[in-house]
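Reader: Could you take me through one part of this model up close, the packing of a pair of helices, and then carry on to whatever else is worth a look? I'm a computational chemist, so please be generous with residue names and values.

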Amino acid sequence: MNKMESMTGAKALMTAMEKEGVKQVFGLPGGANLPMYDEFSRCDIRHILVRHEQSAAHMADGFGRVSRKPGVCFATSGPGATNILTGIATAQADSAPMVAVTGQVPVAMIGRDAFQESDIIGMANPVVKYAFQPRSAAEVPETVKKGFFIAESGRPGPVLIDIPKDVQTNEAEMVFHDEFKIKGYHPWTDPDIVNVERAIDMLLHSEKPIILAGGGTIISSAFAELQAIAEALMLPVVTTFKGKGAFPENHPLSLGPIGMHGHAEANKMMAEADCVLAIGTRFSDRSVGTFEAFEKRLKIIHMDVDPAEIGKNQTTQVAVVGDVRASLRIMVKLLLQKQIKKTEDNTWIKHVKETKSYWKENLKLHPGEMGAAKLLRKLRELLPKESIVTTEVGQHQMWASLFYDVIQPGTFFSSTGLGTMGWGFPAAIGAKVARPDVPVVDIAGDGSFSMTENSLATAVLEDIPVIVFLLNNSSLGMVAQWQRTFYDRRMNGVEQNHCPDYVKLAESYGAQGIRAQSMDELDKAIKTALSSDVATVIDIPIDPEEDVLPFVAPGTSLSDMILPS
Amino acid sequence: MWAILSILVENKPGILFKVTHLFRSRNFNIDSISVGVTENPEYSKMTITTYGDEKQVEQIVKQLDKMIDTVKVEHLDEHKTVYRELSLFKIKLSNASDSMEINKLANAYGGKVHDVKKESIMVELTATPDQIQAFEELAKPFGIIDVARTGVAALQRSGA
């Protein structure tokens, strides 16, 4: 136990956060969090000012996913707090570590509909891993300690700490404990070796086994283990969209993402497989199509840190609960001990490779010079492999899934669970704060970028040079595609009519705006952006009629792909 | 199947909301719920009864167990558990003989009679939900004015 010291709740918050290693927070001040803001002038934590609290949460989210330490965002009470809810829900849906700190009206005013009061605890509870509201200043240190622990341990997630204004200003004797106990929280389970053995046995006795790597593989950094197992057992690897880049996408065994906008070869092979080793995935409907069709055909081995995921969406034959890296390490060890190693000389893997090569050569792409596939392949060609990419939500996101190969595992992030438009750009800013040493690019669409484009101010004024790779079809492209496909081309509410001019917009914020209308211009623009020390928006006008294909329509199975004609 | 879940939770404000919200948000339904503080004032015990197939009940238990405020979650075996519900029935008295008849019925189910008035009688019954349901069926012809039920409280038998 550390020695007692008298200080205010606000000061205790900063001290406790410094002890957690927090170097910066993303936020926006207001009446109810001013005592906390006042402390920024007396501590070493950098405050990064945003233009909307939703962006503060997305920045914290991007920071958290890259650093694997909770990103921190600050908002005031009432509308400030409600504004960050979308960002919190996004982090929850994708298991990202985050601590959101909100101001609240004084304790005595709670429940009286005070000015800028909102029951943020009540509103946030369904979308947080845990929510705290300390009612006295002395509770602050332990609340922060527990909050950070919950946010980053086990299956990570967002934690909300809502602090009434008088709790911030009141003084108390503060004790900063290193130890604490949360009775009902057991974030880790040791993987059961017997079940790992059963998993190996099942894989060895299957004719068409496959690995499905989900986001948990990335959260757990189980890249080396995954690759070792795939290579030892000669298993093709598909990923969920959130798991994209868990396995190098230039590896001969990689088939890329499955799902609604997965690779044709990945969906085909997943549909043919007879046994799947599913790692760190919740079997999203967007990944596996109809649940019944998926589990009917397959023997499922499911590894996950969260026991509640086992059997939630899919019936499994073998379940291994525990950190997936720990589980895969046991598997690697057993494979080495038993000297199990398969060769490429088997019918399944030959068929997989033929199918992959067929679709690489025969998938019909947009014929124009500025088709999405060509644009994203150009970006891949020019970006260093360690670059970090985020995406917004929409067609560009799915084109990124299809045509941007992640070479270095764990460098691709997207809002895959909640599908939050406006996530990518602020998340890229957070990612760049976490990794200032590598280029960070937000692959964007104009609809999604428009939702948080005011974060350009943060990128410029806080000197956080990210690149926005803006595929601009002047419309809400994915909605437009669905209206073309499922609503007989009745186009409603999707036109954005070239407004704003993104080059001028970027320039008005003091950022760099470059329009690229040919591949040569794009080549130069990417190189310019990479060598710039200011945030850059590369505006790339594209054909508004270009669809994302292949496409597995909602409510159908992976074998029912709509292919480009 | 009908399932009895016994949930030990931290005795803090808002926990009941979180637990019941979990049922709603995960598309499960609560059949009955009862809550009371335990011998240790730091904890409360909730007994929730629900319906679902084996897979659904397993999932409810896992989701409850995942909650940070839940200390222990048990799916109790109905046959190895003592479970009771308290109910109060206000029953209409139309004829002079009704009071005696209802008294007999209450005695048969181990109930107690309260608040006997000219026009109504109240019966307190502590029994299993099935027994309460059976009593209700038999009391219906007299005319039930009002009913209040607490939801099930349950404890596993020793050595079970």
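**A helix pair in chain A, and onward**

Author: Happy to. In chain A, the axes of helix H10 (residues 223–233) and helix H14 (residues 324–337) come within 9 Å and cross at roughly 35 degrees. Please keep in mind throughout that this is a predicted model. The crossing in which H10(A) passes H14(A) is left-handed. From the H10(A) side, the residues that take part are Glu225(A), Leu226(A), Ala228(A), Ile229(A), Ala232(A) and Leu233(A). They meet Arg325(A), Leu328(A), Arg329(A), Met331(A), Val332(A) and Leu335(A) in H14(A). Sorted by class, this contact holds nine nonpolar residues, no polar ones and three charged ones.

The loop that leads into H10(A) has a detail you may like to check in your viewer. Ser221(A) sits in the loop between helix H9 (215–219) and H10 of chain A. Its phi is near 50 degrees, a positive value in a residue other than glycine.

A second helix pair in chain A makes a good companion to the one you asked about. Helix H16 (residues 372–382) and helix H17 (residues 395–403) of chain A pack at an angle of about 65 degrees, with axes 9 Å apart. Here H16(A) passes H17(A) in a right-handed crossing. H16(A) brings Ala372(A), Ala373(A), Leu376(A) and Arg377(A) to the contact, and H17(A) answers with Trp399(A), Ala400(A) and Phe403(A). By class, that gives six nonpolar residues, no polar residue and one charged residue.

Staying with backbone geometry in chain A, there is also Ser474(A), which has a positive phi of about 50 degrees although it is not a glycine. You will find Ser474(A) in the loop between strand S18 (467–472) and H21 of chain A. At the other side of that helix comes a cis peptide bond: Pro500(A) belongs to the loop between helix H21 (477–486) and helix H22 (502–508) of chain A, and the bond from Cys499(A) to Pro500(A) is cis, with omega near 5 degrees. Another cis peptide bond joins Leu549(A) and Pro550(A), with omega about 5 degrees. Pro550(A) lies in the loop between strand S20 (536–541) and strand S21 (551–552) of chain A.

Now to the partner chain. Chain B has four helices and eight strands, and along the sequence they follow the pattern β-α-β-β-α-β-β-α-β-β-α-β. Taken along the principal axes, the C-alpha atoms of chain B fill a box of roughly 55 × 35 × 30 Å. One residue to pick out there is Gly143(B), in the loop between helix H4 (129–139) and strand S8 (144–156) of chain B. Leaving aside residues up to four places away in sequence, Gly143(B) touches Lys90(B), Ile91(B) and Lys92(B). For a sense of distance, the C-alpha atoms of Gly143(B) and Thr38(B) are separated by 38 Å, with their positions 105 residues apart along the chain.

Finally, here is how the chains meet. In this interface, 18 residues of chain B are in contact with 19 residues of chain A. The area buried between the two chains is about 1,400 Å², and carbon and sulfur atoms give 52% of it. Within chain B, Lys55(B), Lys62(B) and Ile68(B) lose the most area to chain A, together 39% of what that side buries.

As for polar pairing, one salt bridge is found across the interface of chain B and chain A. Asp306(A) forms this salt bridge with Lys66(B), and the closest N and O atoms are 2.6 Å apart. Across the interface there are also seven residue pairs in polar contact, counting those with both residues at pLDDT 80 or more. The elements that give two or more residues to the side of chain B that touches chain A are helix H1 (15–25), helix H2 (54–66) and strand S4 (70–76) of chain B. H2(B) provides the largest share of that side, six residues. By class, the residues of chain B that touch chain A divide into five nonpolar, four polar and nine charged.

Key. Residues are numbered from 1 along each chain as its sequence is written. Chains are lettered from A and ligands numbered from 1 in the order in which they are written. This is a predicted model: local features need pLDDT of at least 70, side-chain atom pairs count only at pLDDT 80 or more; totals for chains, interfaces and linings use all residues. Side-chain values use heavy atoms; hydrogens and water are left out. Contact means heavy atoms within 4.5 Å. Buried area is the accessible area (1.4 Å probe) that two parts lose on being put together, summed over both. A salt bridge is a side-chain nitrogen of Lys or Arg within 4 Å of a carboxyl oxygen of Asp or Glu. A polar contact is a pair of N or O atoms within 3.5 Å; within protein, one must be able to donate a hydrogen and the other to accept it, and residues adjacent in sequence count only if both atoms are side-chain atoms. Ala, Val, Leu, Ile, Met, Phe, Trp, Tyr, Cys and Pro count as nonpolar, Asp, Glu, Lys and Arg as charged, and the others, Gly among them, as polar. Axes are lines fitted to C-alpha atoms, for helices over the stretch in contact, and angles run from 0 to 180 degrees between N-to-C directions. A crossing is left-handed if the near helix is turned anticlockwise from the far one by less than a right angle, and right-handed if clockwise.
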